[in-house]
Amino acid sequence: MNDGQIIKKVLITEKGTNLQEHNKYMLEVHPNANKIEIRKAIENHFDVTVTSVNTMNYKGKRKRMRTAKYGKRPDWKRAVVTLKEGETIDVT
(Lines give C-alpha, C1' and ligand atoms only; values in the text may rest on other atoms or scores of the structure.)
Protein backbone atom coordinates (compact mmCIF):
# COMPACT_ATOMS: atom_id res chain seq x y z
CA MET A 1 0.00 0.00 0.00
CA ASN A 2 1.20 3.52 -0.69
CA ASP A 3 0.70 6.58 1.53
CA GLY A 4 -2.50 7.62 -0.23
CA GLN A 5 -4.09 4.25 0.42
CA ILE A 6 -3.11 4.13 4.11
CA ILE A 7 -4.17 7.66 5.11
CA LYS A 8 -7.81 8.23 4.16
CA LYS A 9 -8.50 11.57 5.87
CA VAL A 10 -7.74 13.73 8.88
CA LEU A 11 -10.72 13.59 11.25
CA ILE A 12 -11.91 17.05 12.22
CA THR A 13 -14.12 16.45 15.24
CA GLU A 14 -14.52 18.08 18.62
CA LYS A 15 -12.27 15.49 20.24
CA GLY A 16 -9.77 15.74 17.39
CA THR A 17 -9.44 19.51 17.66
CA ASN A 18 -8.97 19.25 21.44
CA LEU A 19 -6.17 16.72 20.90
CA GLN A 20 -4.36 19.14 18.57
CA GLU A 21 -3.56 21.30 21.60
CA HIS A 22 -1.49 18.36 22.90
CA ASN A 23 0.24 17.83 19.52
CA LYS A 24 -1.94 14.80 18.65
CA TYR A 25 -3.93 14.28 15.46
CA MET A 26 -6.77 11.87 14.61
CA LEU A 27 -6.79 10.21 11.20
CA GLU A 28 -8.94 7.64 9.46
CA VAL A 29 -6.63 4.95 8.09
CA HIS A 30 -6.94 1.72 6.10
CA PRO A 31 -8.27 -1.10 8.33
CA ASN A 32 -5.41 -3.46 7.38
CA ALA A 33 -2.62 -0.95 8.05
CA ASN A 34 -0.43 -1.54 11.09
CA LYS A 35 1.23 1.08 13.31
CA ILE A 36 4.58 0.91 11.51
CA GLU A 37 2.97 1.47 8.10
CA ILE A 38 0.87 4.34 9.50
CA ARG A 39 3.97 5.99 11.03
CA LYS A 40 5.93 5.77 7.75
CA ALA A 41 3.01 7.04 5.67
CA ILE A 42 2.46 10.08 7.90
CA GLU A 43 6.17 10.92 8.07
CA ASN A 44 6.50 10.71 4.28
CA HIS A 45 3.26 12.49 3.39
CA PHE A 46 3.32 15.38 5.92
CA ASP A 47 7.13 15.62 6.46
CA VAL A 48 6.90 15.40 10.27
CA THR A 49 8.38 13.17 13.00
CA VAL A 50 5.94 10.78 14.68
CA THR A 51 6.64 9.78 18.29
CA SER A 52 3.71 7.38 18.86
CA VAL A 53 0.73 5.84 17.10
CA ASN A 54 -2.40 4.52 18.83
CA THR A 55 -5.06 2.72 16.78
CA MET A 56 -8.70 1.80 17.35
CA ASN A 57 -10.87 -0.50 15.21
CA TYR A 58 -14.54 0.32 14.71
CA LYS A 59 -17.20 -2.10 13.51
CA GLY A 60 -19.69 -0.75 10.99
CA LYS A 61 -23.23 -0.29 12.28
CA ARG A 62 -26.19 -2.23 10.92
CA LYS A 63 -28.67 0.10 9.30
CA ARG A 64 -32.19 -0.73 8.16
CA MET A 65 -33.19 0.25 4.65
CA ARG A 66 -36.65 1.49 3.70
CA THR A 67 -37.91 -2.06 3.67
CA ALA A 68 -37.21 -4.76 6.23
CA LYS A 69 -33.76 -5.36 4.72
CA TYR A 70 -30.63 -4.55 6.67
CA GLY A 71 -27.41 -3.09 5.34
CA LYS A 72 -24.10 -2.48 7.06
CA ARG A 73 -21.77 0.48 7.13
CA PRO A 74 -18.13 -0.38 6.49
CA ASP A 75 -15.66 -1.21 9.26
CA TRP A 76 -12.98 1.43 9.74
CA LYS A 77 -9.86 2.22 11.76
CA ARG A 78 -8.85 5.40 13.57
CA ALA A 79 -5.30 6.37 14.48
CA VAL A 80 -4.23 8.97 17.04
CA VAL A 81 -0.75 10.16 16.11
CA THR A 82 1.54 12.10 18.46
CA LEU A 83 4.08 14.34 16.75
CA LYS A 84 7.45 15.61 17.90
CA GLU A 85 7.21 18.85 19.94
CA GLY A 86 6.91 21.90 17.72
CA GLU A 87 5.71 20.09 14.58
CA THR A 88 2.19 20.37 13.19
CA ILE A 89 -0.03 19.03 10.41
CA ASP A 90 -2.06 21.53 8.38
CA VAL A 91 -5.62 20.18 8.63
CA THR A 92 -7.27 22.79 6.41
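These entries record what I looked up around Arg78 and the aromatic residues of this predicted model.

**Entry 1: Arg78.** I began with the position of Arg78 and found it in strand β6, which spans residues 76-83. I then checked its burial and its charge partners. Arg78 is buried, yet it has no salt bridge. I looked for the nearest side chain of opposite charge, which belongs to Glu28 and is 9.8 Å away. A salt bridge would require a separation within 4 Å, so Glu28 does not qualify.

**Entry 2: Surroundings of Arg78.** I next asked which side chain offers Arg78 a polar contact. The partner is the side chain of Tyr58, at 3.2 Å. I also listed the contacts of Arg78, leaving aside neighbours within four places in sequence. They are Leu11, Lys15, Met26, Leu27, Asn54, Thr55, Met56 and Tyr58.

**Entry 3: The aromatic pair.** I searched for aromatic pairs and found 1 in the structure. Its members are Tyr58 and Trp76, with ring centres 4.5 Å apart and planes at 15°, so I recorded the pair as stacked. The pair links distant parts of the chain, as Tyr58 lies in strand β3 (residues 50-58) and Trp76 in strand β6, 18 residues apart.

**Entry 4: Exposure of the pair.** I looked up the relative accessible area of each member. Tyr58 has 29% and is therefore partly exposed. Trp76, at 28%, also counts as partly exposed. Tyr58 thus combines partial exposure with a polar contact to Arg78, a residue that is buried.

**Entry 5: A charge over a ring.** Last, I examined Tyr70. I noted that Arg62 lies over the face of this ring, at 4.2 Å from the ring centre.

Definitions and conventions. Residues are numbered from 1 along each chain as its sequence is written. This is a predicted model: local features need pLDDT of at least 70, side-chain atom pairs count only at pLDDT 80 or more; totals for chains, interfaces and linings use all residues. Side-chain values use heavy atoms; hydrogens and water are left out. Helices (H or I, at least four residues) and strands (E, at least two) are DSSP runs, numbered from the N terminus. Buried means under 20% relative accessible area, exposed over 50%, partly exposed in between (1.4 Å probe, protein chains only). Lys and Arg count as positive and Asp and Glu as negative; His and the chain ends are not counted. A polar contact is a pair of N or O atoms within 3.5 Å; within protein, one must be able to donate a hydrogen and the other to accept it, and residues adjacent in sequence count only if both atoms are side-chain atoms. Contact means heavy atoms within 4.5 Å. Rings of Phe, Tyr and Trp (its six-membered ring) pair if their centres lie within 6.5 Å; planes under 30 degrees apart count as stacked, over 60 as edge-to-face and the rest as tilted. A charge sits over a ring if NZ of Lys or CZ of Arg is within 6 Å of the ring centre and within 35 degrees of the ring normal.
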